[in-house]
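Biologist: Hi! Could you walk me through this model while we both have it on screen?
Modeller: Happy to, here it comes.

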Amino acid sequence: AAIEFGLDAPYDVEYHERIPSTNDRARELAADGTENDVVVADEQTGGRGRLAREWTAPSGGIWVSLLLRPSRPPADVPLYTLAAAVAVARASRDVGVDARIKWPNDVLVADEAGEERKLCGILTEMEGEADRVSWLVVGPGINANIDADALPPDATSLRAEVGDVDRRAFLQGVLEAFHRLTRRDAEVGEILDAWREHAATLGRRVRVDTPGGVVEGEAVDVRFPGSLVVRTDGDDERVVHAGDCEHLRP
Ligand code: BT5
């Protein structure tokens, strides 16, 4: 069924009860020349995280992949991951969950003791030339109507936080928020501002494991196209483009 937003990119939605991975399916559609498409599944049997990690995806989740063909250079792609994280954080707020974003791609919920649990992770994949993306797949995995004990120990779900949600309405909210942030005439600054507004990482002491080594210090800002600015103890500013981020206790 097509979801029309009255904007410039309606998505066609392809639903699967059970599929190995919605990202894999979206990549297949990309290879077939499909334009804007959304693949959604109730359950994944081969869900993937970043760096070939496994993603636990039992029935009751919102496992989704957006296939996009933005006329933007590959260097801008991290912006889409940020926008998806903002969209999931906003939709979560709308159902009463105080969700915050951990750089770059996790949506977390903290309990009263400050213990943070992962509600959503996003796997972004793409192919492109130097100046133009050929296809882009942005894949948020949202733990929706799932018991916490069916998930890894440091995970949470919408069910565990506030009870079951209407997954269709939740996804609609995510897609609309995502589209508003990434529509053709959107300002890049809007995405960065929205991300800052929902960030858990800014102002925190972090340890980031990057391809170039470990960077530790205070996370002070996010910068185009999605890099984290870290002030180290030596008062140096380091700009981190990719890596795994850990929030440290003060
Ligand atoms: C991610 O990877 O967080 C990206 C996850 C993206 C999943 C979606 S589902 C729809 C689409 N189709 C796919 O096949 N994938 C995408 P990363 O940052 O590497 O985190 C992976 C780690 O999170 C794992 O090593 C586990 O520790 C943990 N984990 C696994 N399943 C989880 C879950 N359901 N909830 C929370 N944490 C989980």
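Biologist: Let's start with helix 4: which residues in helix 4 are buried?
Modeller: Keep in mind that this is a predicted model. In helix 4, the buried residues are Phe170, Leu171, Gly173, Val174, Leu175, Ala177, Phe178, His179, Leu181 and Thr182.

Biologist: And how many residues does helix 4 have, and what does it span from its first C-alpha to its last?
Modeller: Helix 4 covers residues 167-182, so to speak, 16 residues. From first C-alpha to last it reaches 22 Å, close to the 22 Å expected at 1.5 Å a residue.

Biologist: Good. On to the strands: how do strand 5 and strand 6 run, and how many bridges join them?
Modeller: They run antiparallel, with four bridges joining them. Three residues lie between the two strands of that hairpin. As one pair to look at, arginine 100 has leucine 108 in strand 6 as its bridge partner.

Biologist: Arg100 is in strand 5, right? Are the residues on the two faces of strand 5 buried or exposed?
Modeller: Buried, on both faces. Ala99 and Ile101 are on one side of strand 5 (residues 99-102), and Arg100 and Lys102 are on the other.

Biologist: What does strand 6 do on its way to strand 7?
Modeller: Strand 6 and strand 7 form a hairpin with five residues between them. In that turn, glycine 114 has a positive phi of about 85 degrees. The two strands, residues 106-110 and 116-128, run antiparallel and are joined by five bridges. Valine 107 stands opposite cysteine 120 there.

Biologist: And how many bridges does strand 7 make with strand 8?
Modeller: Nine, again in the antiparallel sense, with strand 8 being residues 133-142. Four residues make the hairpin connection from strand 7 to strand 8. Glycine 121 stands opposite glycine 141 in strand 8.

Biologist: Now the ligand. How many residues surround the ligand, and which are closest?
Modeller: There are 28 around the ligand, and the closest are Gly49, Gly121, Gly139, Gly141 and Ala155. Helix 1 (22-31), strand 4 (62-68), strand 7 and strand 8 are the elements that give two or more residues to that shell. You'll recognise Gly121 and Gly141 as the two that stand opposite each other.

Biologist: Which element gives the largest share of the shell?
Modeller: Strand 7, with four residues.

Biologist: For my scoring setup, how do the shell residues divide by class?
Modeller: Ten are nonpolar, 13 are polar and five are charged.

Biologist: Switching topic: what domains does the chain have?
Modeller: The domain assignment gives domain 1 (2-198) and domain 2 (205-247). Their contact takes 14 residues from domain 1 and eight residues from domain 2. On the domain 1 side, helix 2 (78-94) and helix 5 (188-198) each supply at least two of the touching residues. That side has nine nonpolar, one polar and four charged residues.

Biologist: How far apart are the centres of the two domains?
Modeller: The C-alpha centres of domain 1 and domain 2 lie 23 Å apart.

Biologist: Last one: where is alanine 242 found?
Modeller: Alanine 242 is in the loop between strand 12 (237-240) and strand 13 (244-247). Leaving out residues up to four places away in sequence, alanine 242 touches Thr210 and Pro211.

Biologist: Why is alanine 242 called partly exposed?
Modeller: Because 15 other C-beta atoms lie within 10 Å of alanine 242, whereas a buried residue has 20 or more and an exposed one 12 or fewer.

How values were computed
Residues are numbered from 1 along each chain as its sequence is written. This is a predicted model: local features need pLDDT of at least 70, side-chain atom pairs count only at pLDDT 80 or more; totals for chains, interfaces and linings use all residues. Two strands pair if DSSP finds at least two bridges between them. The expected span of a helix is 1.5 Å times one less than its number of residues. A residue is near a molecule or strand if its C-beta atom, placed from the backbone, lies within 6 Å of it. Ala, Val, Leu, Ile, Met, Phe, Trp, Tyr, Cys and Pro count as nonpolar, Asp, Glu, Lys and Arg as charged, and the others, Gly among them, as polar. Domain bounds come from an automatic or database domain assignment. Two residues are in contact if their C-beta atoms, placed from the backbone, lie within 7 Å.
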